[in-house]
Amino acid sequence: LVDFLARALRDAPFPVECLAHDLRAPLPDRLHGRADTVFTDPPYTSRGASLFLSRAAEATAGSGGRDVFFAFGPRRPQETLEVQRAIAAMGFAVQRLVRNFNDYVGAGALGGSSYLYHLATTAELRPLVGGRHEGPLYTGDFREPEREYRCKGCGRRQRVGRGLTWTTVTALK
């Protein structure tokens with residue numbers, strides 16, 4: 001993705017730097033406050049949202065009115081509330097919400113689409129997550145993903161998941 005963006009933006013009429021960075025680590029100091037606009041599509045957990053939005057806060061720090069576009073799947077009401085509390089606690093203001101912005105072909109019911117939050121930074125902007133994040137982040141980190149699959153050819157049923165003979169459907173195939 002980084003290579004694709006670098007190629008696509010090669011002739012942009014504005015300066016562009018594309019780099020890969022593990023957001024579990026804080027942004028390098030040279031990137032603090034350097035972004036006018038951030039787009040992020042974090043893991044669909046409240047911890048993933050808080051972490052990625054904290055890095056967006058680092059990137060846009062120092063000035064109000066910068067834009068953050070935050071793609072996040074619709075969750076259960078309690079988790080949605082946690083994410084919205086984090087958005088407000090960090091000093092982001094929701095400007096707009098676009099329902100069903102992304103459709104992820106082949107994804108499960110909860111991961112099949114996401115909403116796009118258009119957030120604006122305020123003078124009260126501050127990240128909630130500082131330092132390196134070492135804890136769980138992805139949905140599978142919080143619960144053991146285990147499912148039963150049925151072969152379309154022979155009808156045989158097979159359990160797939162962490163700690164089993166087949167950890168993924170791809171491995172089973």
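These exercises walk through the sheet, the helices and the salt bridges of one predicted model.

The model is predicted: local features need pLDDT of at least 70, side-chain atom pairs count only at pLDDT 80 or more, and totals for chains, interfaces and linings use all residues. Residues are numbered from 1 along each chain as its sequence is written, and side-chain values use heavy atoms, with hydrogens and water left out.

**Exercise 1. Find the order of the strands in the sheet, and say why S1 and S3 each have one side without a neighbour.**

Step 1. Know the terms. Strands (E, at least two residues) and helices (H or I, at least four) are DSSP runs, numbered from the N terminus. Two strands pair if DSSP finds at least two bridges between them.

Step 2. Read the order. The open sheet has 4 strands, arranged S1-S2-S4-S3, with mixed pairing.

Step 3. Look at the edges. S1 (37-40) and S3 (92-103) stand there with a single partner strand each, so one side of each has no neighbour in the sheet.

Step 4. Check the turn. Direction ignored, neighbouring strands are turned by 15° against each other on average.

**Exercise 2. How do S2 and S4 run, and how many bridges join them?**

Step 1. Locate S2 at residues 67-72 and S4 at residues 113-121.

Step 2. Count the bridges. There are 6, and the two strands run antiparallel.

Step 3. Pick one pair. Phe-70 stands opposite Tyr-117 in S4.

**Exercise 3. Describe how H2 and H3 pack.**

Step 1. Place the helices by contact (heavy atoms within 4.5 Å). H2 (residues 46-60) lies across S1, S2, S3 and S4. H3 (residues 77-89) lies across S2, S3 and S4.

Step 2. Take the angle and distance. Axes are lines fitted to C-alpha atoms, for helices over the stretch in contact, and angles run from 0 to 180 degrees between N-to-C directions. H2 and H3 pack at about 15°, their axes 9 Å apart.

Step 3. Classify. That makes H2 roughly parallel to H3 (angles under 35 degrees).

Step 4. List the contact. H2 gives Ser-46, Ala-49, Ser-50 and Leu-53; H3 gives Glu-79, Glu-82, Val-83, Ala-86 and Ile-87.

**Exercise 4. How many salt bridges does a search of the whole structure find?**

Step 1. Apply the cut-off: a side-chain nitrogen of Lys or Arg within 4 Å of a carboxyl oxygen of Asp or Glu.

Step 2. Count. The search finds 4.

Step 3. Take Glu-17 with Arg-30. Their closest N and O atoms are 3.1 Å apart. Both residues sit in the loop between H1 (2-8) and S1, 13 residues apart.

Step 4. Take Arg-24 with Asp-22. Here the closest N and O atoms are 2.7 Å apart.

Note on methods:
Angles under 35 degrees count as roughly parallel, over 145 as roughly antiparallel, 65 to 115 as roughly perpendicular and the rest as oblique.
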